[in-house]
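User: Please take a close look at one loop of this protein and set it in the context of the whole chain.

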Amino acid sequence: QEGVQDGHPVLNVQLRYVGEGQPMITGLQRISKPGRRVYVGSKDITKVRNGIGLSILSTSKGIMTDQESRRNKLGGEVLCAVW
């Protein structure tokens with residue numbers, strides 16, 4: 001769900017839970033940072049936690065998951081990893 005607050009774009013994220021208050025997302029790691037950008041080719045995209053997690057990449061065709069990026073044979077900047 002997207003919106004605008006005080007003239008700035010805002011992205012609202014709602015988390016899902018499994019069981020009794022157990023969050024589906026247990027970890028998040030920022031990969032690229034302003035001082036150190038990390039770029040990969042489509043063949044160099046690594047799996048997060050042996051495929052349990054996913055990477056989010058910024059490609060020339062937009063923001064994609066690691067699976068979408070591999071399928072479209074696109075590399076780009078690795079933004080973060082989620083598991």
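Analyst: Asparagine 50 lies in the loop that runs between β6 (39–40) and β7 (54–59). The model is predicted. In this model, the phi angle of asparagine 50 is near 55 degrees, a positive value in a residue that is not glycine. Asparagine 50 counts as exposed because its relative accessibility is 78%, and the cut-off for that class is over 50%.

A second residue with a positive phi is aspartate 6, at about 55 degrees, and it is likewise not a glycine. Aspartate 6 sits in the loop between β1 (2–5) and β2 (8–11). With 73% relative accessibility, aspartate 6 also counts as exposed.

The surroundings of asparagine 50 in sequence also contribute to the largest pocket, whose lining includes Asp44, Ile45, Thr46, Val48 and Arg49. Other lining residues are Gln29, Ile31, Val38, Val40, Ser55, Val78 and Ala81. The space in this pocket amounts to about 170 Å³. By class, its lining comprises seven nonpolar, three polar and two charged residues.

As for the whole protein, one helix and nine strands make up its secondary structure, in the order β-β-β-β-β-β-β-β-α-β along the sequence. Of its 83 residues, 23% count as buried. The protein exposes about 6700 Å², with 49% of that area supplied by carbon and sulfur atoms. Among contacts between residues at least 6 apart in sequence, 50% join residues at least 24 apart. Along the principal axes, the C-alpha atoms fill a box of roughly 40 × 35 × 25 Å.

Key: Residues are numbered from 1 along each chain as its sequence is written. This is a predicted model: local features need pLDDT of at least 70, side-chain atom pairs count only at pLDDT 80 or more; totals for chains, interfaces and linings use all residues. Side-chain values use heavy atoms; hydrogens and water are left out. On a 1 Å grid over the protein atoms alone, a cavity is a set of points where a 1.4 Å probe fits but cannot get out, and a pocket is an open set with protein on both sides within 12 Å along at least five of seven lines; lining residues have an atom within 4 Å of a point. Grid points are joined across faces, edges and corners, and a volume is the space filled by probe spheres set on the points. Ala, Val, Leu, Ile, Met, Phe, Trp, Tyr, Cys and Pro count as nonpolar, Asp, Glu, Lys and Arg as charged, and the others, Gly among them, as polar. Helices (H or I, at least four residues) and strands (E, at least two) are DSSP runs, numbered from the N terminus. Buried means under 20% relative accessible area, exposed over 50%, partly exposed in between (1.4 Å probe, protein chains only). Contact means heavy atoms within 4.5 Å. Accessible areas come from the Shrake-Rupley method with a 1.4 Å probe; for residues, only the protein chains shown count as cover.
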